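The report below describes one chain, beginning with its overall make-up and ending with a few points of backbone geometry.

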Amino acid sequence: MQILADVGGIPGKDCRGFCKYCYFKKVSEIKALGCKYCSPKTIGCEKCSIGIQDALSEFKPAFLVINEVQSTLMFNPVRDNNLKVNISGGGDVSCYPQIQELAATINQFQIPMHLGYTSGKGIDSVEWASDLIKYGVNEVTFTLFAANSKLRREWMGDSNPEVSLETAKLFCENTELHAAMVIIPGVNDGYELRNTCEKLEEWGAHAGILMRFANSTEGGLVLGNGPIVKGIDSQSVESFEQLVKDINSEFPKLRITGTPVCDPETGAPFAISKDRNEIYLQFIAKVTGYATIISSKIAGPKIAKIFEKIGAEDHVNVISTEKDIACLITKDDLENIDLREVKDTVLIPGRSYIHQLDAERIFSNDGNERLVARGPDTLSVDGELSGNLTEENVIERELEEFNDLVDAINFYGMEAPQ
């Protein structure tokens, strides 16, 4: 269990400038997309406008963050050996001016800390990391990008890349470091990626997370800010998945995962769709309702495969949109769906950026007023989360979430089959 210590911060402002590949780069205005948190009659809320940009607040005073942590501990008094405080925010925690004070105070609670996503761009001396280790930081998620200081300087805008890399090495030697690398085709893949992984193994890093670079609307740019980098095509999902598998086999001392695909060790996402795990499908409840599920280009075929394996393909059909990731589906992705393929009950992804009013309008454009409901927030885990899980953990979570999906189908979709 991890308790969030949200230090706030705004991308591009509280991180010493945007990296060239940053998702939030080129966002010029706040665009309300619509989501499940909006009021029933109003499209747009804090969650689906300023929230999706990670720009809810500037850096918070340390005393305020500490008070929030104390309040969380008060309402969750049960502690075990896995409890940690995750120091993170919209900005870069290495740029948080009161990070030492915050860590020293949390250390008094005798709870270890996870330093959430940091690029290291705010680190001016290696002693900065030594102090945090002394205060109880024992896990770090570090956006390394590359072990090549020139690439860090050029692509991340890191003014002290040698110090950042030396700090990453120190964290590797003294904490559980997860090195995140956004893979830019032709820049830090190929030789550079393998050189980086060699360094990580040499330093003693725990894991490497390969992150596919999104440079198009289909890849997940929903803020009207694409392409982020002109002249670079997003790597295909199939090619990226193979890269993750190759790096995992070449560097056995590192726990390599990828996002949005894949985790070679656990089979995530959608481990239960794999033939070797077919035995676990007996634990999915019987499908009695009828519904159409809207999903993404990556998840859709795997969800359809699971329903086919449990013999429910006559009850449920899955429509895959052009969006790679289901939680980033917007109303625009629904406009091109052939309504002749849609049953009277429709389930959209729980975390999708679609307002109920928009969904109901779009799915009734043919004169058939369909029932639109939301499915579970997630149906699996990606590489950012599965790196600390076993295959059994992933399968258990997927079965639980898939049963939630079946419950929704059975509850909302009791009409006769089409």
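## Secondary structure and overall dimensions

The chain, which is a predicted model, contains 12 helices and 11 strands. Its C-alpha atoms occupy a box of roughly 65 × 50 × 45 Å when the principal axes are used as the frame.

The radius of gyration of the chain is 22 Å, and because a compact globule of 418 residues would be expected to have a value near 22 Å, the two agree.

## Burial, contacts and surface

Of the 418 residues in the chain, 53% count as buried. When contacts are restricted to residues at least 6 apart in sequence, 75% of them join residues that are at least 24 apart.

The accessible surface of the chain amounts to about 18700 Å², and carbon and sulfur atoms account for 49% of that area.

## Charged side chains

The chain carries 41 positive and 62 negative side chains. The centres of these two sets lie 3 Å apart.

## Cis peptide bonds

Two peptide bonds deserve attention when the backbone is inspected or prepared for calculation. One runs from Gly226 to Pro227 and is cis, with omega near -5°; Pro227 itself is placed in the loop between β6, which covers 207-212, and α7, which covers 237-250.

The other joins Val261 and Cys262, where the peptide bond is also cis and omega is about -5°. Cys262 belongs to the loop between β7 (255-259) and β8 (291-295).

## Residues with positive phi

The loop that holds Cys262, between β7 and β8, is also the place of Phe270. Although Phe270 is a residue other than glycine, its phi is positive, with a value near 65°. Is this side of the loop buried or exposed at Phe270? Phe270 counts as buried because its relative accessible area is 6%, and the cut-off for that class is under 20%.

Gln110, which is likewise not a glycine, has a positive phi of about 60°. Gln110 is found in the loop between α2 (99-107) and β3 (113-118). With a relative accessibility of 74%, Gln110 is classed as exposed, since that class begins over 50%.

Taken together, these two positive-phi residues have contrasting surroundings: Phe270 is buried, whereas Gln110 is exposed.

Methods
Residues numbered from 1 in each chain as written. Predicted model: local features only at pLDDT ≥ 70, side-chain atom pairs only at ≥ 80, totals over all residues. Heavy atoms only, no water. Helix = DSSP H or I, 4+ residues; strand = E, 2+ residues; numbered from the N terminus. Rg over C-alpha atoms; globule rule 2.2 N^0.38 Å. Buried < 20%, exposed > 50% of the residue type's maximum accessible area, 1.4 Å probe, protein only. Contact = heavy atoms within 4.5 Å. Areas by Shrake-Rupley, 256 points an atom, 1.4 Å probe, with all protein chains shown as cover. Lys, Arg positive; Asp, Glu negative; His and termini not counted. Charge placed at Lys NZ, Arg CZ, Asp CG, Glu CD.
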